[in-house]
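Biologist: Please give me a close look at one part of this model, and then walk me outward to the rest. Feel free to take your time over it.

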Amino acid sequence: MKRFILLLVLIAATGLKAQSIKFEGFVKDTLGQPLEMANVLAVNSSNNETEAYSITSENGKFSLGLKKNTTYKIQASFIGFEPEEFELTTTDRTVLREIKLKEGVLLEGVEIVHDIPVRISGDTIVYNSDSFTNGTERKLGEVLKKLPGIEVTPEGDIIAEGKQVTKLMVEGKDFFDGDTKIGTKNIPADAVDKIEVLKNYNEVSQLKYVEDNKDNVAMNIKLKEGKKNFWFGDITAGGGPDERFAFNPNLFYYSPKYSVNLIGNYNNTGEIPFTFEDYFKFSGGLKQFMKKGGSNFFVIPPELESLIMQNNKAKQVTSRFNAANFGYNPNKKWSFNGFGILSNNSIDTQNNTLSSILDTQTGEAVTTQYKEGTAISKNTLAMLKLNGNFKPNDRFEVNYDLFVKGSKLNTRNYSNTTVYPNTEQGQEITDSNSKNPFSLSQNLDIYHTSKNEKNVFALNVQQLYQDEDPFYNAIQQQTPFTFPEFIAGQERNNLNQEKFVKTSKLDAKLDYYYIINKQNQLNLTFANTYAYQNFNSHIFQLLDNGTKNDFNDATLNNKVNYRFNDAFAGIHYKFVLGDFTLNPGVTFHTYNTTSNQLDSDYKNNFTRLLPDFNVDYTIGKNESIRYDFALVNNFTDITYLAEGTFLNSYNSLYNGNRALNNSVSQNHSLYYQNFNSFNMSHLNANINYNKVTDAVNAKADFDGINSVQTSFNSAYANQNLTASVGYGRSVFRNYKINVGANLGWSKAHNIQKNDQTGEWTESPLESYNQKYSTAITTTFNNLPSLTLGYSLNVSNYPNDAYLTHRPNAKLEYYFLNGFSLVSNYQLYNYSNHSKTIKNKYDFLDLSLSYHKPDGAWDYRISATNLLNTKTINSDNFSQFSSSTSLYTVQPRYLLLSLTYKL
């Protein structure tokens, strides 16, 4: 570890030494006024390459790191001014100079020989791709990682100036509903010309100045001229020992009227191009327009239980992914777009898990279970989205979305368990889950602005239909629960459960904005949410002879109907006081809920006033602090209200509680953000505190590892506190530094029965999580690019703490006019505080490719998990337990692939 840190220091020191000569000064107009965000470039006269650039600060200051004894052409430019160019020869001393620009000629009207690496105009930052790449990049994500102020997560999320990019476009058209992962992993790097980061983005122009858009960031990819009005893309095919294969065709077409994107990915190399998480987070373009209403009616997504599967914890993965995206603009008034996705994954996992049931009073382990398990999952995911937009003028717009999702999910698990001290509960279990969830959503948006632009109307209507039919089967040597109609004496105890859940939900909201002047704005809201849910469940036993034994006892069956209605009206008044922008508001709600089960109704009708408040303090042009407060009513899904018993798992039963009240969340958030265009640095920090009263918590009666649980409204508040800070900047031109920290604390009160005394006790359980990370990246065009990083994860649970140290390094080297070498190394050091677990493992991936300049073919040999690591670790904490797991991962494999570029 010491050597690793020393290497980081040496890399930074090398950069400082290599560019020790500075050219500094100020850019001003002819009246001596500083020009902020002007561009200053240094072009090496010997090779005509841009070697350094700077964007001026608020006082017009620039600073360039240049080589000694070298002649440069210096270019200074700013929109609305004539560019200035002169020659500069450096010595071994710092050069100071003031540059003055004359007004009168727009930058767009002047021929610029050298592309500006970074240009800032208002809320838009434009990067020139070729200024930061060296030829080793294959996909868009690898280009973005080299841009100052931009990061790309392993999951494909794009972070710009510390904020997540929520929409990705290509030539101004949505790319698969704006999904960043599909874009970063499939758009060819050599097709990218400019990358535009759009801050304060709102896709509805009428709402841009009436809604708070400070956290909205979009990205638009401009293609190179040779890629427009032509089909382009690449087709990759590869194979290797042990029947490894990969096939990845990508085809794209963009013109002013049409756009078509076709993407495929078929492999058994462990890459899952479209995970459950991707499937779950896809909104289909449907806006969460009720989020400021003060109510949260939570409908459990049917795919939620499957989100735990992760491809880096799989022993074997086979994926088949197909996706198509289209856009059509017949004229300036109409536009149509949509996409379809079909994904099929087969995943085999193997893991050993040590779980501890905790005493809620002491936090100590009461029961310990060791489980050796394997699982086979076969999942098919499909979705279709169609969108139509009509915008005859800038004052009127109609938007319609249709979004359909369907899937077929099957998982079969085999487990062998050992339990202490309840040794008699150890057994072999085979259980399986299957379901075919389906959902259909429609969204209609109408926006209108009056001629004087002081009145804005926004009507949003959203409909959701969701249907799921989960089926659960558990085959055990022994049944931990006693059922009234259970037939004992079978060779196998075969329990089965059918569940059917249907949800219909309709939201409608009308917003009226009256813009009094630039400092004052009134917002009136009228809205209604209606939901109807139906939940049926039934448990039965399959006997050894195949006979079905139905459990008809009323306590083991559910037939529940639930109706929810929330009608509310709200008022917000937004006004500016100096550097402060304040937006206080309140909503008045009338709630009506009815649950019908066991031949009776349970009704709850009440009203509530819910305030919210937002204040934004502008410190500077790109620096601000924001505070948000909101009081929110939370309502549960129907499954928490169903009082009949149903199986959560082979060793857990659940009974709902029809008398549950809604919980109330008190949310406080404080954000700080600062972006400095002079050195392309960003600093983002936030603190969030959430306090939930009448929280819906768990009540459990444990017998060893077996439990019967229900839900109740706690008299004590649940609390969560999270904080994060991230800092990144460019050092000179070819270095990026990033530092980050995330802290989390949670406290919840659950009720647990004491096995010895038989008493029920409500006690708090607390957990703490910490993550620290740092990285430095070099982005030289003619030298190897190197990323060195380190992260530390700490999870503190009541009974133990787990630590993961992860140093990592990535090397990218383009050499001999066509060869590219890429290596990626990660070391994990996993241990617990009690020193009973210690595991060190590492991963090394290598690839060597050759692409002849201006050629169509790319030849690549790659090695994944070259060190042949067998297992990895992870840990988890839930309401009553903590666990640590050891997962088997895919072994080392080699792959030879060919890519043909269109």
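**A close look at one serine and beyond**

Modeller: Ser355 touches Thr367, Thr368, Gln369, Ser882 and Ser883, leaving out residues up to four places away in sequence (contact means heavy atoms within 4.5 Å). Before going on, a word on the basis: this is a predicted model, in which local features need pLDDT of at least 70 and side-chain atom pairs count only at pLDDT 80 or more, while totals for chains, interfaces and linings use all residues. Residues are numbered from 1 along each chain as its sequence is written, and side-chain values use heavy atoms, without hydrogens and water.

Ser355 belongs to strand 21, residues 334–358 (strands are DSSP runs of E, at least two residues, numbered from the N terminus). Its C-alpha lies 15 Å from that of Gln427, and the two are 72 residues apart in sequence.

Gln427 leads us to another serine, Ser415, in strand 23 (residues 396–420). Beyond its neighbours within four places in sequence, Ser415 contacts Gln427, Glu428 and Ile429, and also Lys371, Glu372 and Gly373. Ser415 is buried, because its relative accessible area is 8% (buried means under 20%, with a 1.4 Å probe and protein chains only). Tyr727 is 312 residues from Ser415 along the chain, and 45 Å separates their C-alpha atoms.

A third serine, Ser652, sits in strand 36 (residues 652–655). With 9% relative accessible area, Ser652 is buried too. Its contacts beyond four places in sequence are Phe481, Phe646, Leu647, Ser707 and Gln709.

For a charged example, turn to Lys194 in strand 14 (residues 192–199). Lys194 counts as buried because its relative accessibility is 19%. Its side chain makes a polar contact of 3.4 Å with the side chain of Asn128, and another, also 3.4 Å, with that of Asp193 (a polar contact is a pair of N or O atoms within 3.5 Å, one able to donate a hydrogen and the other to accept it, with sequence-adjacent residues counted only if both atoms are side-chain atoms). Away from its neighbours within four places, Lys194 contacts Asp115, Val126, Tyr127, Asn128, Asn220, Ile221 and Lys222.

Tyr127 takes us to the largest nonpolar core, of 49 residues, where Tyr127, Phe175 and Met219 have the most contacts (such a core is a set of buried Ala, Val, Leu, Ile, Met, Phe, Trp, Tyr and Cys residues joined through side-chain atoms within 4.5 Å). Strand 15 (residues 217–223) gives this core its largest share, four residues. Tyr127 itself touches, among others more than four places away, Phe132, Leu147, Ile150, Val197 and Met680. Apart from this core lies another, of 19 residues, including Val40, Ile74, Phe81 and Ile99.

Finally, the empty spaces: there are seven cavities of 30 Å³ or more (a cavity is a set of points on a 1 Å grid where a 1.4 Å probe fits but cannot get out, lined by residues with an atom within 4 Å of a point). The largest holds about 140 Å³ (the space filled by probe spheres set on the points). Its lining includes Tyr562, Thr593, Tyr602, Phe635, Arg658 and Asn661. Strand 32 (580–597) and strand 33 (600–620) are the elements giving two or more residues to this lining.

Terms used. On a 1 Å grid over the protein atoms alone, a cavity is a set of points where a 1.4 Å probe fits but cannot get out, and a pocket is an open set with protein on both sides within 12 Å along at least five of seven lines; lining residues have an atom within 4 Å of a point. Buried means under 20% relative accessible area, exposed over 50%, partly exposed in between (1.4 Å probe, protein chains only).
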